[in-house]
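Reader: I have a structure open in front of me and I would like to learn how to read it. Could you take me through some features, one at a time?

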Amino acid sequence: MAADNEVIRFAGDISIDKIEIISSNGFGQEITNQVAAIEIYEDLFSPFISGVVALKDSLDYANLFPLVGEEYINIKLHTPSFKGKGKVIDDQFYIFKMANREMAGDRSVIYELHFTSREAIVDLNKTVSRCYQGKCSDIAKSIITDTKDGLESKKTAIIEDTPNGVKFISNYWPPVQSLNYTAETSSNQNGNASYIFFENRNGLNFVSLELLYQSQVVQEFTYDAYMREFTPDGRSFRSVEQEYKRIIDISIPKVYDYIERARAGMFASKMINYDLTTKKYVVKNFDMLEDFPKEKHLNEFSPVSNKAIRRTSAMAFTYPKYFGNFNNFGDVTNSKTIQKRMSLLQQAETTKIEIVVPGRTDYTVGQKVFMRLNKFNPIESIDTSKDTLDNMFSGNYLISAINHFIDREKHQCHIELIKDSYIVDLNKGGV
């Protein structure tokens, strides 16, 4: 727990303000003192936030409410001295499962309560049959807020404007499926077609990866043997700010997979369009290296060199066009951008790193961070920081997934980072 005077004692300090369960009839009970641990999950490629609370219960909450899957949980916690929107975790979630209930003595039990966003429950209980028409961004806003056919959300909706439009029929789809379909057909002012729908603690997001790439860096992480700061006269002191930059643990499950990239259409692809109305077909080839300079990226250079083996036939597919499907409406497919979209989404995960760092409640998915890693080679006295920098794994990254793990002592964040580009030019030889 944090000190009462709101001073951060150490990196990973946490203040659990209030954990409260609300029953379906409005009865509320604070359970803060019974909480053993909390985990909150966010994922860039998943629509909603979820999590789990581990309880050591000696008051028999299962019968008190009772706990039957109709309850909400209010969670409020923050890093000491962090205040304001986006810097604290303060939200209400739906409890959808109780699991792993075990006896912990004569008068207590331990169990887990799994929770998710209210919008996830709304989505689960709706199948919509209707036609959507208009700008993609307007359709997204409607689906998120609509109380009849949408997610009924009152959360902040962060929607990147799209100049293009679409018309489609939701064939008894849940709202999220319609949102994902809309994202697949969306492109921004620059023609970037990497739209995704996800929730973070800023709200519900319908944005392109390109927009996230252009955001400001919120933190720098580094993996070294840092211990303490030193004054000019040799005295040492603890710097919490520097400790927040330190990586506790790091792993890289997969550095690269050429076969997977080629089959997914990252390097190149061939698309055969067939129009059922006009009985015409068109063959369209896509080359990533030709397209790369036209897009905005996390770092400056392409993740593959000009010598990379790439053939359009590595991923060849047919894709229909639908002219005349709707009156006074042209082609309603994303045939113009699907090849670029497949490549951009695959590029986004060119490098994926998993790290564990001291937790902060202002970390959330979609943020940009900078990773500084050193080469694993002998260091000479004349080497500068530039000479020892690992150019392959250092650079700007996006937080693509995060698990806030909080117990009675500390807060740690297990973070998945991804990047689509390098800080070094692979065409210039050694790195």
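Reader: Let's begin with helix H9. How many of the residues of H9 are buried?

Author: Buried means under 20% relative accessible area, exposed means over 50%, and partly exposed is in between, with a 1.4 Å probe and protein chains only. Helices (H or I, at least four residues) and strands (E, at least two) are DSSP runs, numbered from the N terminus. Helix H9 covers residues 338–348, and 10 of its 11 residues are buried. Among them are Ile-338, Lys-340, Leu-344 and Gln-347. One thing to keep in mind: this is a predicted model, where local features need pLDDT of at least 70, side-chain atom pairs count only at pLDDT 80 or more, and totals for chains, interfaces and linings use all residues. Residues are numbered from 1 along each chain as its sequence is written, and side-chain values use heavy atoms, with hydrogens and water left out.

Reader: Lys-340 has a charged side chain. Which residue forms a salt bridge with Lys-340?

Author: Side chains of opposite charge can pair when their charged atoms come close. The rule here asks for a side-chain nitrogen of Lys or Arg within 4 Å of a carboxyl oxygen of Asp or Glu. Lys-340 pairs with Glu-295, and their closest N and O atoms are 2.9 Å apart. The pair links distant parts of the chain, 45 residues apart: Glu-295 is in the loop between helix H8 (288–291) and S19, while Lys-340 is in helix H9. Both residues are buried.

Reader: How many salt bridges are there by this rule?

Author: The count comes to 20. One of them joins the side chains of Glu-152 and Arg-118, at 3.4 Å from N to O. Glu-152 sits in the loop between H3 and S9 and Arg-118 in helix H2 (residues 118–124), so this pair ties together parts that are 34 residues apart in sequence. Glu-152 is partly exposed at 24% relative accessible area, and Arg-118 is partly exposed at 33%. There is also a network of salt bridges that links Asp-91, Glu-119, Lys-155 and Glu-199.

Reader: Now for empty space. What lines the largest cavity?

Author: Rolling a probe the size of a water molecule over the atoms shows where empty space is left. On a 1 Å grid over the protein atoms alone, a cavity is a set of points where a 1.4 Å probe fits but cannot get out, and lining residues have an atom within 4 Å of a point. Grid points are joined across faces, edges and corners, and a volume is the space filled by probe spheres set on the points. The count comes to 1 cavity of 30 Å³ or more, and about 60 Å³ of space lies in the largest cavity. Its lining includes Leu-209, Tyr-213, His-297, Leu-344 and Gln-347. Helix H5 (209–213) and H9 are the elements that give two or more residues to this lining, and H5 has the largest share, with 3 residues.

Reader: Let's turn to strands. Which way does strand S13 run relative to S21, parallel or antiparallel?

Author: Two strands pair if DSSP finds at least two bridges between them. S13 (residues 217–222) and S21 run parallel, joined by 5 bridges. For instance, Val-217 has Lys-368 as its bridge partner in S21. S21 also pairs with strand S22 (residues 395–407), in the antiparallel sense, over 4 bridges. There, the bridge partner of Phe-370 is Asn-396. Strand S21 (residues 368–372) has 4 of its 5 residues buried, so it is largely enclosed by the rest of the structure.

Reader: What about backbone angles? Where does Asn-100 lie?

Author: Most residues other than glycine have a negative phi, and most peptide bonds are trans. Asn-100 lies in strand S6 (residues 88–103), and its phi is positive, about 55°, although it is not a glycine. Asn-100 counts as exposed at 52% relative accessibility. Asp-60 also has a positive phi of about 55° and lies in the loop between strand S4 (50–57) and H1.

Reader: And which residues does a cis peptide bond join?

Author: Look at Phe-65 and Pro-66, where omega is about -5°. Pro-66 is in the loop between helix H1 (61–64) and strand S5 (72–78).

How values were computed. On a 1 Å grid over the protein atoms alone, a cavity is a set of points where a 1.4 Å probe fits but cannot get out, and a pocket is an open set with protein on both sides within 12 Å along at least five of seven lines; lining residues have an atom within 4 Å of a point.
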